[in-house]
Amino acid sequence: MAAGTRPMRGKGDGDGSVQVHLDPGMTIGSAKVFSVYGKGGIGKSTTSSNLSVAFAKLGKRVLQIGCDPKHDSTFTLTKRLVPTVIDALEAVNFHSEELRVEDFVYEGYAGVMCVEAGGPPAGTGCGGYVVGQTVRLLKEHHLLDDTDVVVFDVLGDVVCGGFAAPLQHADRALIVAANDFDSIFAMNRIVAAIKAKAKNYEVRLGGVICNRSAGTDQIDKYNAAVGMEMLAHFPDLDVIRRSRLKKSTLFEMESSPELEAVKDSYLRLAARLWAGTPPAAPSAMKDRDIFDLLGFD
């Protein structure tokens, strides 16, 4: 997996794009970077946090960046809603040179370093600005120099320029989806967004993580149609739901055979991603074609 600098090439992100562009000086560096997307409420934060812990259990130095104004991506890692980068900047009247590392970076379970980017007040700004400021602060404080893995946990299935901004930093984009039509419909739009970003940045699609689903038949059907791979499958288990309520990652919950199987799946996923997944290049389907494929009689 390529993990070096990610220069911006000359053209925009797709036909007619007005997306936020990456400052060429704001590359993350040598860390392997993953951006996690998916339909709202599908379990991206749960997936991201447990994946971060799995990387840490493999001996990697991990940084998780929440990119949602709700700022709860790292909730199970830190056991609280930590202040956001925007909160920290507002406290010093946006004089970033006055910030200390402890003002916006918090250590979570298994040593995972946690940052919540936050977001601008509703209707007043762009999420891309927030992501850019977060990466800038991390670089200014040299927090990326000794990081092996960066996980961006990104708001819902919003694929506007702002919340597509983490794709400008990522090596691989991961999509979390359930085995149902709405999740797959959202996934299809994310596939299109990733393909647009891949024209000008190093990001490539890694594959789909099936979450909260007993089966995978609908995702399998979509994957076969567009040429995408299933990376992992996490079933709809009560212990996963309870972990969120207990402010805990799965790796802290009381052991059971089903929980150990899920933890092993996360460790295998982390090892697979660290080793490097081949880049996928699926083409998003037309909306009508998805209806026809997944079938409403």
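This briefing covers two helices and the cysteines of the structure above. The model is a predicted one, and the helices α1 and α8 both have end-to-end distances in line with expectation, at 20 Å for α1 and 27 Å for α8.

**Helix α1**
- Helix α1 runs over residues 44–57, and its 14 residues reach 20 Å from the first C-alpha to the last, close to the 20 Å expected at 1.5 Å a residue.
- Most of α1 is covered, with 13 of its 14 residues buried.
- Just after α1 comes G59, which takes a positive phi of about 90°.

**Helix α8**
- Helix α8 comprises the 19 residues 257–275, and the 27 Å between its end C-alpha atoms agrees with the span expected at 1.5 Å a residue.
- The residues of α8 that are buried are L259, V262, K263, S265, Y266, L269, A270 and L273; seen down the axis of α8, its buried residues fall within an arc of 150°, so they line one face of the helix.
- The cover over these buried residues of α8 includes the strands β1 (32–38), β6 (172–177), β7 (204–211) and β8 (230–234), together with the helices α1 and α7 (238–245).
- P257, R268 and A275, by contrast, are exposed on the other side of α8.
- After α8 follows G276, whose phi is positive and near 110°.

**Cysteines**
- With a disulfide taken as a pair of cysteine sulfur atoms within 2.5 Å, the count comes to zero disulfides.
- C114 is buried, with a relative accessible area of 0%, and C210 likewise counts as buried at 0% relative accessibility.

Note on methods
Residues numbered from 1 in each chain as written. Predicted model: local features only at pLDDT ≥ 70, side-chain atom pairs only at ≥ 80, totals over all residues. Heavy atoms only, no water. Buried < 20%, exposed > 50% of the residue type's maximum accessible area, 1.4 Å probe, protein only. Helix = DSSP H or I, 4+ residues; strand = E, 2+ residues; numbered from the N terminus. Expected span 1.5 Å × (residues − 1). Arc of directions from axis to C-beta. Contact = heavy atoms within 4.5 Å.
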